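Me: Please take a close look at one part of this predicted model, the open sheet, and describe how it is built and what surrounds it.

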Amino acid sequence: MTLQELVICLHQYTPWERLHQEHLGHSQDIEHLNQSLTSPVTDQEKNTGLHLPHIPDKTDGTYSEPLFFSDTADPDILIIQHDRYTPPLIHKHDFYELVYVYEGEFIQQIESEKLLMHTGDFCLIPPEVHHSLDVCNYSIVLNILITEVKFKNIIFNELKADNLISAFFLGNVYSENVNNFILFHTNGDRQIQDLILDLCLEQINQEDYYRYMINADILKLLGLLLRNYEKTCDVPRIRRRKDSENFSILQYIEQNYQTLTLHELADHFHYSAQHMSHRLKQITGVSFTEYLLQKRMKIAADLLTNTSVKVKTIGENAGYQSQEHFIRTFRKYYGVTPGAYRAMHQKG
């Protein structure tokens with residue numbers, strides 16, 4: 001697909017959208033209306049990768065990652081176009097979402113707050129926050145979905161700085177007082193608009209190394225939002241000063257997990273081991289030992305699932321110099337050996 005074809009595709013209505021446009025204002029008959037169109041998206045439209053087949057309504061309004069990410073081209077990042085003229089549905093999910101207004105305006109409700117979104121606006125919404133999009137007009141809205149694991153990796157290993165998005169992530173994961181959203185006003189910034197179109201084309205065309213290009217585009221997008229719009233964005237509450245150091249502690253663990261001890265962590269931040277242990281428990285809800293174990297086991301599981309690296313090397317990457325110790329610890333944690341885990345989970 002070319003750039004021109006993509007722009008045309010974004011403006012074309014799907015059968016699903018035309019059906020809802022014809023019945024605008026009759027949302028009380030939504031289920032009957034849904035059932036009247038057995039193929040809401042054509043095969044050609046499905047191949048664009050921007051429209052998904054109708055996602056089944058959930059009675060509790062909760063959506064999980066497998067519903068969106070299981071069959072997609074990229075396992076961590078997905079870009080979809082929001083259906084126009086569909087009634088708003090209050091829902092929540094267990095992944096991060098960047099809502100981008102490519103063209104037009106609409107009302108978005110986040111918890112009890114209603115926001116008027118305009119062309120160029122970006123709204124970052126974390127997991128477990130109730131929200132809805134009332135796109136009852138022609139507006140072109142693109143949703144960038146990012147799994148929680150991927151977003152965490154971006155924060156700790158790519159951004160690597162005290163900034164608004166990092167503090168936003170930290171507050172939502174490790175604090176009882178969460179930020180419900182960040183709203184960036186880019187006012188139709190052409191550089192960002194072109195970047196979003198490039199993201200769409202990478203997902204659609206899937207040329208060589210497209211996953212690397214999608215990752216690079218996402219990092220550039222977040223960088224541009226921070227560089228140019230961090231000072232003018234809308235946030236629902238003021239950041240706390242201690243968030244910065246809490247983030248630094250967790251980032252230090254992420255970067256040194258292979259050999260780090262509690263005493264080394266405490267010395268680095270000029271605290272006693274006892275104080276650091278208590279503080280880390282407050283931030284994460286688990287002890288230093290348990291947090292480090294979870295981190296190492298997740299690294300090992302990811303490598304076993306997504307690579308063909310030898311078990312001994314994976315153990316070393318996870319912080320275990322002894323292969324026997326690694327296998328014993330992994331089996332205790334997951335209930336199976338690394339080899340058996342790989343056989344059960346590796347794709348293809």
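Reply: Two strands are taken to pair if DSSP finds at least two bridges between them. On that basis, 5 strands of this predicted model form an open sheet in the order 2-9-4-7-10, with antiparallel pairing. The edges are held by strand 2 (77-81) and strand 10 (182-185); each has a single partner strand, so one side of each is left without a neighbour in the sheet. From one strand to the next the twist averages 15°.

At one edge, strand 2 pairs with strand 9 (residues 140-146) in the antiparallel sense, over 5 bridges. Within this pairing, I80 stands opposite N143 in strand 9. Helix 6 (residues 148-159) packs on the sheet and touches strand 2, strand 4, strand 7 and strand 9. The direction of helix 6 makes about 80° with that of strand 9.

The side chains of the sheet lead into the nonpolar interior. The largest nonpolar core has 60 residues, and those with the most contacts inside it are F122, I144, I165, F184, I196, I218 and L221. Helix 9 (residues 210-229) gives the most to this core, with 9 residues. I144 illustrates the connections: leaving aside residues up to four places away in sequence, I144 touches I77, L78, I79, Y96, E97, L98, F122, I196, L199, I218 and L221. Apart from the largest core lies another, of 14 residues, among them F106, M117, I125 and F181. In soluble globular proteins, nonpolar side chains tend to be buried together.

Aromatic rings form a further layer of description. The count comes to 13 aromatic pairs. One of these, between Y63 and F68, is edge-to-face, at 6.4 Å centre to centre and with 70° between the planes. Both partners fall under the 20% limit for burial: Y63 has a relative accessible area of 6%, and F68 stands at 13%. A second pair belongs to the sheet itself. The ring centres of Y100 and F122 lie 4.4 Å apart with the planes at 25°, so this pair is stacked. Because Y100 lies in strand 4 (residues 96-103) and F122 in strand 7 (residues 121-125), the pair ties together parts that are 22 residues apart in sequence. Y100 and F122 are both buried.

Two loops that flank elements named above contain an unusual backbone feature. E128, in the loop between strand 7 and strand 8 (131-134), has a positive phi of about 65° although it is not a glycine. E128 is partly exposed, with a relative accessible area of 44%. Y209, which lies in the loop between helix 8 (190-205) and helix 9, likewise has a positive phi of about 65° without being a glycine. Y209 counts as exposed, at 61% relative accessibility.

Beyond the sheet, some aromatic residues later in the sequence may be added. Y320, F326, F330, Y333, Y334 and Y341 form one aromatic cluster. R296 lies over the face of Y320, at 5.4 Å from the ring centre, and K295 lies over the face of Y257, at 5.1 Å from the ring centre.

Definitions and conventions: Residues are numbered from 1 along each chain as its sequence is written. Side-chain values use heavy atoms; hydrogens and water are left out. A nonpolar core is a set of buried Ala, Val, Leu, Ile, Met, Phe, Trp, Tyr and Cys residues joined through side-chain atoms within 4.5 Å. Buried means under 20% relative accessible area, exposed over 50%, partly exposed in between (1.4 Å probe, protein chains only). Helices (H or I, at least four residues) and strands (E, at least two) are DSSP runs, numbered from the N terminus. Contact means heavy atoms within 4.5 Å. Rings of Phe, Tyr and Trp (its six-membered ring) pair if their centres lie within 6.5 Å; planes under 30 degrees apart count as stacked, over 60 as edge-to-face and the rest as tilted. A charge sits over a ring if NZ of Lys or CZ of Arg is within 6 Å of the ring centre and within 35 degrees of the ring normal. Axes are lines fitted to C-alpha atoms, for helices over the stretch in contact, and angles run from 0 to 180 degrees between N-to-C directions.
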